[in-house]
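Biologist: Hi, could you walk me through this one? I'd like to hear the reasoning behind the labels.

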Amino acid sequence: MAADVNKLVDQVIGVEGGYANHPADRGGATMWGITEQVARAHNYAGDMRNLPRKFAAAIYAQRYWFEVGLDRVAAVAPELAAELFDIAVNMGPRWAGTLFQRALNVLNRGASDYPDIEADGRIGTMSIDALNRFIARRKAPGLVVLLRAVSCLRGARYIEIAEKNPSQEAFVYGWIANRVDQDHLK
């Protein structure tokens with residue numbers, strides 16, 4: 001069963017909420033979780049407080065799902081695609097692919113199950129091939145481990161962000177409480 005991108009977008013918008021402009025948020029003014037910079041890059045010219053939800057949803061689907069290649073991941077592992085989508089939204093598209101690729105690389109038993117892939121953040125044919133080979137070898141329990149590995153990397157990244165920039169400590173508790181979530185593993 002493939003992940004439903006529209007449902008995932010609705011969930012993300014529910015977590016992100018409406019308008020925000022926290023002084024420590026490096027993204028600046030946001031509406032529905034879409035930063036002003038991203039909205040402008042998608043030709044939105046209005047006040048961020050008035051960004052239509054439908055416009056935001058279209059950005060989420062295009063920029064954080066299809067451009068990242070998560071539709072290809074979802075065809076094989078919908079739960080993993082959902083997790084990577086949330087990472088793309090919260091950390092940026094490149095981070096979703098990078099954390100995924102790093103996890104695949106350390107789970108390939110010294111490249112004996114499949115070759116290491118470059119952790120460049122671009123989910124392409126080699127990443128999907130590695131995922132398919134991982135699943136063929138490890139089956140459903142392996143997907144649980146892969147999701148946990150990605151989640152661990154995600155949590156570590158949040159801590160690194162705050163360690164490098166203490167102003168971001170304002171967000172770490174919420175990031176870990178709301179984003180590093182393993183309920184989907186039960």
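**Buried residues and a pocket**

Modeller: Sure. This is a predicted model. Let's start with V68, which touches R63, A88, P93 and I123, leaving out residues up to four places away in sequence.

Biologist: What makes those count as touching V68?

Modeller: Contact means heavy atoms within 4.5 Å, and V68 has such contacts with R63, A88, P93 and I123.

Biologist: Where is V68 placed?

Modeller: V68 is in the loop between α3 and α4 (70-74).

Biologist: Why is V68 called buried?

Modeller: Buried means under 20% relative accessible area. V68 has 7%, so it is buried.

Biologist: How far apart are V68 and G97 in sequence and in space?

Modeller: They are 29 residues apart in sequence, and 7.4 Å apart in space, C-alpha to C-alpha.

Biologist: Now R157, in helix α7. Why does that one count as buried?

Modeller: Its relative accessibility is 17%, and the cut-off is under 20%, so R157 counts as buried too. Leaving aside neighbours within four places in sequence, R157 is in contact with M91, W95 and K164.

Biologist: And how much space lies in the largest pocket?

Modeller: About 960 Å³. It is lined by 33 residues, and the closest to its centre are D25, T35, V89, N90 and W175.

Biologist: Which helix gives the most to that lining?

Modeller: That's α8, with five residues.

Biologist: What makes up the lining of the largest pocket by class?

Modeller: There are 15 nonpolar, 12 polar and six charged residues.

Methods
Residues numbered from 1 in each chain as written. Predicted model: local features only at pLDDT ≥ 70, side-chain atom pairs only at ≥ 80, totals over all residues. Heavy atoms only, no water. 1 Å grid on protein atoms, 1.4 Å probe; cavity = no way out; pocket = protein on both sides within 12 Å on 5 of 7 lines; lining within 4 Å. Points joined across faces, edges and corners; volume = space filled by probe spheres on them. Helix = DSSP H or I, 4+ residues; strand = E, 2+ residues; numbered from the N terminus. Nonpolar A, V, L, I, M, F, W, Y, C, P; charged D, E, K, R; others polar. Buried < 20%, exposed > 50% of the residue type's maximum accessible area, 1.4 Å probe, protein only.
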